[in-house]
Amino acid sequence: MKENANPAGIIGKDALAELIRRYRPYTKQGKVADYIPELAYTNPHALGIAVAGADGSLVHEGDATTRFTLQSISKIITLMVALNDYGPERVFSKVGMEPSVDPFNSIVKLETLDQKKPLNPMINAGAIVIASLLSAGGNPDEGLQRICDTISRIIGRNDIRVDQKVYQSERKTGDRNRALAYFMKSTGVIDADVDVEETLDLYFKACSLEVDCVDLAKIGLFFAMWGKCVQKQDDGTCLTEGIVSPRIAQIVTTIMITSGMYNHSGEFFLKVGLPAKSGVSGGIVAFAPNRYGFGIFGPAIDAAGNSVAGVRMLEDLSRTFGLHLV
Ligand code: DON
């Protein structure tokens, strides 16, 4: 397979324009998420893509600079911050590392599995446990600040902010997440001294951070380079240096492969063959290790919560440019 790598050369603007043209019709096959009422106002036919290359290149097309909320893509950042703070042993004593065949907001396995911890950190229950670690000591604001600082350093802009309307909408309607959190406190997965409402607040705010496709492509490239420096500043320093060790980048990457696209992770990896993480607002971050970071926005999503047109664009890119990892 690999001798056919990169058969079509480098990914340029023309290739991206053609992808948008070819796959925009597929936005009709998905639906904008409306269980968070504020998300229902999104244009269902929006579609954008950005690609950041290891050589420092950046190309984008379509609605690539439209802002949207991170939603579940925040889960890779919060996992990374928790792994940095607590180390893999403590983190994985609270949350598993196995894929889930249930929807992202399912509660069922929390009671039926012998180990009560959530299956992985990419489903809501798992990410809420991670948020409980980051809000420990009664300091959720500091936890959010660290998440924002990490993202800011990776994307190179420090005006990252919470979309207040989406945050309030999530907070008002987030009773499934509330149920997951209180259930996990009752079984001891969330520590007894943790304030569940503070934990949820941190989780909702992290999901409501605003980004665009260019930001996501930079996050993808950051993982593609295992957290190593991609671009030095004029003074020779590097904003992304030291955020994460290659080992932790490798752990997050592996969890993205097995669980990043929820209960469609197996099918996605078979077809696209790249680590990726989606969110219900229609974002996808994906990357080709040592080569490219991809950021996608296509808010019409499928039943699993993944952008319909976005997944197809990645499948096309992977095939055309020989990116499949296997
Ligand atoms: O908690 C929720 O349901 C949302 N804030 C995030 C879910 C999500 O993005 C799942 N994605 N596909």
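# A tour of two domains, a ligand and three helix crossings

Start with the whole chain, a predicted model. Colour the protein chain by its two parts: domain 1 (7–69 + 211–320) and domain 2 (72–207). Their C-alpha centres lie 21 Å apart.

**Stop 1: where the domains touch**

Select the boundary between the two. Here 32 residues of domain 1 are in contact with 31 residues of domain 2. Now keep just the domain 1 side. Helix H9 (213–224), H10, strand S5 (276–278) and strand S6 (283–288) are the elements that give it two or more residues. H10 gives the most, with seven residues. Colour this side by class. You will find 17 nonpolar, 11 polar and four charged residues.

**Stop 2: H2 against H10**

Stay with H10, residues 246–259, and add H2, residues 74–94. The two axes come within 10 Å and cross at roughly 135°. H2 and H10 are therefore oblique to each other. Their crossing is right-handed.

Show the side chains next. From H2, select Ile 76, Leu 79, Met 80, Leu 83, Asn 84 and Pro 88. From H10, select Ile 248, Ile 251, Val 252, Ile 255 and Met 256, which the H2 residues meet. By class, this contact of H2 with H10 has 10 nonpolar residues, one polar and no charged. Which class does Asn 84 of H2 belong to? Asn 84 counts as polar, because Asn is neither in the nonpolar list nor in the charged one.

**Stop 3: H4 against H8**

Move to helix H4 (residues 124–134) and show H8 with it. How do these two helices lie: oblique or roughly perpendicular? Their axes come within 8 Å and cross at roughly 110°. H4 and H8 are therefore roughly perpendicular to each other. This crossing is right-handed.

On H4, pick Ala 127, Ile 128, Ala 131, Ser 132 and Leu 134. On H8, pick Thr 199, Leu 202 and Tyr 203. Together these residues make the contact. It has six nonpolar, two polar and no charged residues.

**Stop 4: H6 against H8**

Keep H8 (residues 196–207) on screen and bring in helix H6 (residues 164–173). The axes of H6 and H8 come within 9 Å, with a crossing of roughly 140°. H6 and H8 are therefore oblique to each other. The crossing of H6 and H8 is right-handed.

Select Tyr 167, Glu 170 and Arg 171 of H6. Add Phe 204, Lys 205 and Cys 207 of H8 to complete the contact. What is the class make-up here? The contact of H6 with H8 holds three nonpolar residues, three charged and no polar.

**Stop 5: around the ligand**

Leave Glu 170 of H6 and Cys 207 of H8 selected. Both are also among the residues around the ligand. Now complete that shell with Gln 71, Ser 72, Phe 104, Asn 105, Asn 124, Asn 177, Ser 278, Gly 279, Val 280 and Gly 305. Colour the shell by class: three residues are nonpolar, eight are polar and one is charged.

Go back to the domain colours to finish. Which domains supply the shell? Domain 1 (7–69 + 211–320) and domain 2 (72–207) each give at least three residues to the shell around the ligand. Ser 278, Gly 279 and Val 280 are among the shell residues that fall in the 211–320 segment of domain 1. Phe 104, Asn 105 and Asn 124 are among those within 72–207, the span of domain 2.

Definitions and conventions. Residues numbered from 1 in each chain as written. Predicted model: local features only at pLDDT ≥ 70, side-chain atom pairs only at ≥ 80, totals over all residues. Near = placed C-beta within 6 Å. Domains from an automatic or database assignment. Axes fitted to C-alpha atoms, helices over the stretch in contact; angles between N-to-C directions. Helix = DSSP H or I, 4+ residues; strand = E, 2+ residues; numbered from the N terminus. Parallel < 35°, antiparallel > 145°, perpendicular 65-115°, else oblique. Left-handed = near helix turned anticlockwise from the far one by under 90°. Contact = placed C-beta atoms within 7 Å.
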